[in-house]
Amino acid sequence: MSEPTELRDPPEASRRRKPSAKPKGRVTMTDIARAAGCSQATVSFVLNNSPGIRLSQQTRDRVIEAARLLGYSPPVFSALRPPVTPFEGLDGVIGFAVDQLATSPEAVVAIEGARQASWNAGNVLLVAQTMGDAVMEPRAVSALTRRGISALIYMTIFTREITAPEFLYSLDIPVILLNCYTADYAFPAVVPSEIAGGQSSTRHLISHGHRRIATITGEPWMQAAQDRLKGYRRALATADIPFDPELVVEGDWSASAGYAATVRLLALKDRPTAIFCQNDRTAIGCYEALKEAGLHIPQDISVVGYDDEEIARHLFPPLTTSILPHLAMGQWAIEQLETPPTPGRGRYPITKLECPLVERESVASVKGAAAG
């Protein structure tokens with residue numbers, strides 16, 4: 001089933017790169033992408049005003065600003081700005097039900113994205129933690145509906161297909177699924193584009209000449225771990241690099257697992273020149289093991305993480321990683337309510353949001369090879 005593509009970049013991306021000077025010669029989309037902190041494809045979509053591609057206004061503005069500063073002149077910039085539709089149809093209160101809140105930074109980020117989009121329209125957000133409990137979850141949602149919510153965002157911490165509880169189908173208000181989806185496509189749903197994220201991370205290492213690329217996975221039962229591994233394998237296959245199961249080590253998302261997996265990889269007769277850690281906490285353990293072995297990052301081994309947690313930018317060297325788009329997902333959920341879906345009817349495609357790569361200082365070209 002084809003899925004609409006929606007590309008977004010969080011606010012932090014806009015602070016990563018500022019064009020300090022115009023490049024010599026003709027300005028290319030690659031120059032603009034580098035300055036705007038997004039992919040070349042995103043730049044192309046914006047500058048060509050491509051139909052059928054949904055991008056946030058923030059991304060459009062950042063690309064246009066970078067293009068202006070670099071001296072790139074598309075036909076008419078004003079034509080690139082879609083009209084802003086006022087938020088209508090809500091009564092001022094939106095419910096947000098999430099299975100885990102206290103232990104999950106991702107939930108907090110998604111809620112903040114929804115809050116920003118809600119407050120901009122004069123609406124407020126009511127949040128309930130449900131723990132996915134069969135008894136308490138419907139009671140929590142019922143408590144929200146009694147307070148007059150005009151829509152409900154239903155979020156799970158782990159990205160996955162869910163069997164939606166019956167009470168969601170019986171609600172007479174719009175329901176949006178965040179970080180989860182149903183097999184019957186009964187509700188609009190948004191998830192991260194994890195396969196593309198794993199592919200982008202691996203492709204970044206390949207572009208620096210690496211061919212002996214290891215990966216430390218998360219827990220294999222989790223869809224995020226499965227999809228990031230699929231992306232890793234796709235990137236290798238596209239570059240005609242044979243898949244070597246020796247270079248795939250199972251982890252559990254923790255720093256200690258990252259440390260143990262890295263020690264195991266370093267013991268290989270033909271050790272890797274780069275390691276794709278499938279989350280930033282794994283990368284912390286990887287850093288520790290590499291430094292304990294007397295290896296330097298990225299001179300001896302390059303490292304890429306995933307999630308862009310706060311610690312990533314404070315590691316030494318700062319970690320190249322991918323952003324989980326939970327802020328954009330929260331904003332997306334609110335934006336869908338501008339045209340409220342009919343409760344309990346229709347089939348809605350799953351929207352996958354881009355996980356942009358943040359290039360920092362943990363990746364270098366492999367010795368003896370030029371970057372691609």
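**Entry 1: strand β8**

I started at β8, where Ile213 and Thr215 point one way while Ala214 and Ile216 point the other way, and all of them are buried. That fits the general rule that side chains in a regular strand alternate between the two faces of the sheet. Note to self: this is a predicted model, so I'm reading computed values throughout.

Next I wanted the neighbours of β8. On one side there's β10: residues 213–216 of β8 and residues 274–277 of β10 pair in the parallel sense, over four bridges. I looked up two of the residue pairs. Threonine 215 has phenylalanine 276 in β10 as its bridge partner, and alanine 214 stands opposite isoleucine 275, also in β10.

Then I checked β9. It pairs with β8 in the parallel sense too, over two bridges. Here isoleucine 216 is the residue that stands opposite valine 249 of β9. To get from β8 to β9 the chain goes through α9, and I noted this β-α-β crossover as right-handed.

**Entry 2: the whole sheet**

What is the order of the strands in this open sheet? I wrote down β9-β8-β10-β11, four strands with parallel pairing. The edges are β9 (248–249) and β11 (302–304), each of which pairs on one side only. Helix α9, residues 223–238, packs on this sheet and touches β8, β9 and β10. I also looked up its direction, which makes about 175° with that of β8.

**Entry 3: helix α5**

Moved on to α5, residues 105–120. Its 16 residues reach 23 Å from first C-alpha to last, close to the 22 Å expected at 1.5 Å a residue. Which of its residues are buried? My list reads Ala107, Ala110, Ile111, Gly113, Ala114, Ala117 and Ser118. They sit on the same side of α5, because they cover an arc of only 155° around the axis. On the other side I found Trp119 and Asn120, both exposed.

What do the buried residues pack against? Four strands and a helix turned up: β3 (93–98), β4 (124–129), β5 (152–162), β6 (175–182) and α12 (326–335). Following α5 comes glycine 122, and I noted its positive phi, near 80°.

**Entry 4: two single residues**

Glutamate 309 caught my eye in the loop between β11 and β12 (321–322). Buried or exposed? Its relative accessibility is 19%, and the cut-off for buried is under 20%, so glutamate 309 counts as buried. I then looked for its contacts, leaving aside neighbours within four places in sequence, and found Asp280 and Arg281.

Alanine 196 is in helix α8, residues 194–207. With 39% relative accessibility, alanine 196 counts as partly exposed. I also checked how far it is from lysine 230: the two are 34 residues apart in sequence, and their C-alpha atoms are 8.8 Å apart in space.

**Entry 5: the chain as a whole**

Last, I zoomed out. The protein chain has twelve helices and 14 strands. How many of its 372 residues count as buried? I got 54%. For contacts between residues at least 6 apart in sequence, I noted that 73% join residues at least 24 apart.

Note on methods
Residues numbered from 1 in each chain as written. Predicted model: local features only at pLDDT ≥ 70, side-chain atom pairs only at ≥ 80, totals over all residues. Heavy atoms only, no water. Pairing = 2+ DSSP bridges. Contact = heavy atoms within 4.5 Å. Axes fitted to C-alpha atoms, helices over the stretch in contact; angles between N-to-C directions. Buried < 20%, exposed > 50% of the residue type's maximum accessible area, 1.4 Å probe, protein only. Right-handed = clockwise from strand over helix to strand, strands pointing away. Expected span 1.5 Å × (residues − 1). Arc of directions from axis to C-beta.
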